[in-house]
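Me: I have a structure open and would like to go through it with you. Could you take my questions as they come?

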Amino acid sequence: MTRVLEACEVGEAVGILRSGGLVAFPTETVYGLGADASNDVAIAKVYEAKGRPTGHPLIVHLAVADQVSEWSTTTDSRARILAEAFWPGPLTLILPRSKRVSLAATGGRETVGLRVPEHELTLRLLAEFGSGLVGPSANRFGHVSPTTAAHVVDDLEGRIDAVLDGGPCQVGIESTIVEIADDGPVVLLRPGGVTVHQLELAIGEPVLDGRGGESRAAGMMASHYAPSAAVRLVDSIGDLELGPRVAVIMTDAGVRESETEGERGSEVTGVLSVAHLPSDASGFARGLYAALRAADEQDPEEIVVVRPTSGRLLKAVLDRLEKASS
Ligand code: TXA
Ligand code: MG
């Protein structure tokens, strides 16, 4: 049985984590699957519960940026600048690991992903726990990340000890990941809640896009973030022939576009279901994973998603949509 813990039960969660158990926690991005980052047995349970191959490294979550010096040997000023500018927040820094970081957590790598999440409950959990918690997204490997405690239970019931319920996630898609190798450029591995423009403004130098290269972050693999039904990405519903077994996820703008065609527009009819998300990419991101899960539950032949076209998080949303549809 997986227990659902309320905000007043942070102490319970800390106790489970101290004894090597697994507790999923809320963040501003998605729910993470928490375990003691200094306990290799607990880390092994995380891979087991998710069904994740052990070569895929885990992010370590910290309560405050000051703890970076315990987990990384970095002296890079850009790491300090980015941590100060964006933590707590949706940014993960890949840095050289310190000896404290177990190779079990990094999948054997000499680097470690670090992040201070922006969620009051989880910051309290981390502070009371007093050390780092690994936290991959709390879903079965390859599935859509969870943005509510109920999503976590849907994926991991019976496989983890508890989930701390902190309500729906405010950003809705995973953190931005950048790697900072000593003296090298800052490299983007996954777009997310902090934009490249924001990063470049903070450090005063370009951020290289590392997504085209070797698949260093597991999230770069096609087939990630995918529901079980096939996902088709389109620019508008327009003249598409959609059958009765198709689930549609569309933007408010998508509605307006098709309204110009008269009757059909404001209501897409003859399909299994229609979900509407805000046309701004940030609002779209917040609702996307819940919409994909809800569509998937209806066992559709296909999920048709109308792309958003603007907004601060457009790049990150299109990245996830492309992965879901490949
Ligand atoms: O927003 C997030 O980042 C969420 C919340 C819970 O914090 N966590 C998350 O973790 O998305 P996960 O494990 O699902 O995705 C982290 C990605 C994986 O693709 C992993 O391979 C990559 O980060 N990663 C972690 N450590 C790395 C490292 N040392 N080098 C390269 N990639 C790394
Ligand atoms: Mg994940």
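Me: Let's begin with that loop after H11, where Asp299 is: which two elements does the loop connect?

Reply: Asp299 lies in the loop between H11 and S15. Please keep in mind throughout that this is a predicted model.

Me: What is the phi of Asp299, and is the residue buried or exposed?

Reply: Phi of Asp299 is near 55 degrees, which is a positive value in a residue other than glycine. Most residues other than glycine have a negative phi. As for the surface, Asp299 has a relative accessibility of 58% and therefore counts as exposed, since exposed means over 50%.

Me: Where else does a residue other than glycine have a positive phi?

Reply: Asp183 is one of them, with phi near 65 degrees, and it is found in the loop between strand S9 (176-180) and strand S10 (186-190). Its relative accessibility is 79%, so Asp183 counts as exposed too.

Me: What touches Asp183 from further along the chain, say from the loop that holds Asp76?

Reply: Asp76 itself does: leaving aside its neighbours within four places in sequence, Asp76 is in contact with Ile180, Ala181, Asp182 and Asp183. Asp76 sits in the loop between helix H3 (68-71) and H4, and its side chain makes a polar contact of 2.7 Å with the side chain of Arg78.

Me: Is Asp76 buried or exposed?

Reply: Asp76 is buried, because its relative accessible area is 11% and the limit for buried is under 20%.

Me: Back to H11, then. How long is it?

Reply: Helix H11 covers residues 281-297, which is 17 residues, and it reaches 24 Å from its first C-alpha to its last, close to the 24 Å expected at 1.5 Å a residue. There is nevertheless a kink of about 45 degrees in H11, centred on Gly287.

Me: And what caps its N-terminal end?

Reply: Asp280 does, with a side-chain oxygen that lies 2.9 Å from the backbone nitrogen of Ser282.

Me: How many of its residues are buried, and what do they pack against?

Reply: In H11, 12 of the 17 residues are buried, so the helix is largely enclosed by the rest of the structure. Among the buried residues are Phe284, Leu288, Tyr289 and Leu292, as well as Arg293 and Asp296. The buried residues pack against two helices, H7 (149-156) and H12 (314-325), and against strands S13 (246-251), S14 (273-277) and S15 (302-306).

Me: You mention H7. Where is Gly158 relative to it, and what does it touch?

Reply: Gly158 is in the loop between H7 and strand S8 (162-164), and at 52% relative accessibility it counts as exposed. Apart from neighbours within four places in sequence, Gly158 is in contact with Met1 and Thr2.

Me: How far is Gly158 from the Asp280 that caps H11?

Reply: The C-alpha atoms of Gly158 and Asp280 are 37 Å apart in space, and the two residues are 122 residues apart in sequence.

Me: Different topic: which residues does Val60 touch?

Reply: Val60, which lies in strand S4 (residues 59-61), touches Ala37, Trp71, Val112, Gly113, Leu114, Arg115, Gly132, Leu133 and Val134, not counting residues up to four places away in sequence. Val60 is buried, with a relative accessible area of 0%. Its C-alpha is separated by 8.7 Å from that of Val116, which is 56 residues away along the chain.

Me: Where is there a cis peptide bond?

Reply: A cis peptide bond joins Trp87 and Pro88, with omega at about -5 degrees. Pro88 is found in the loop between helix H4 (77-86) and strand S5 (91-96). As background, most peptide bonds are trans.

Me: Last one, on the whole chain: how many helices and strands are there, and how does its radius of gyration fit a compact globule?

Reply: The protein chain has 12 helices and 15 strands. For 326 residues a compact globule would have a radius of gyration near 20 Å, and the chain has 20 Å, which agrees. The C-alpha trace spans about 65 × 50 × 35 Å along its principal axes, and 57% of the residues count as buried. Of the contacts between residues at least 6 apart in sequence, 70% join residues at least 24 apart. The chain exposes about 13,100 Å², and carbon and sulfur atoms supply 51% of that.

Terms used. Residues are numbered from 1 along each chain as its sequence is written. Chains are lettered from A and ligands numbered from 1 in the order in which they are written. This is a predicted model: local features need pLDDT of at least 70, side-chain atom pairs count only at pLDDT 80 or more; totals for chains, interfaces and linings use all residues. Side-chain values use heavy atoms; hydrogens and water are left out. Helices (H or I, at least four residues) and strands (E, at least two) are DSSP runs, numbered from the N terminus. The expected span of a helix is 1.5 Å times one less than its number of residues. The bend at a residue is the angle between axes fitted to the seven residues ending there and the seven starting there. Buried means under 20% relative accessible area, exposed over 50%, partly exposed in between (1.4 Å probe, protein chains only). Contact means heavy atoms within 4.5 Å. A polar contact is a pair of N or O atoms within 3.5 Å; within protein, one must be able to donate a hydrogen and the other to accept it, and residues adjacent in sequence count only if both atoms are side-chain atoms. The radius of gyration is taken over C-alpha atoms; the globule rule is 2.2 Å times the number of residues to the power 0.38. Accessible areas come from the Shrake-Rupley method with a 1.4 Å probe; for residues, only the protein chains shown count as cover.
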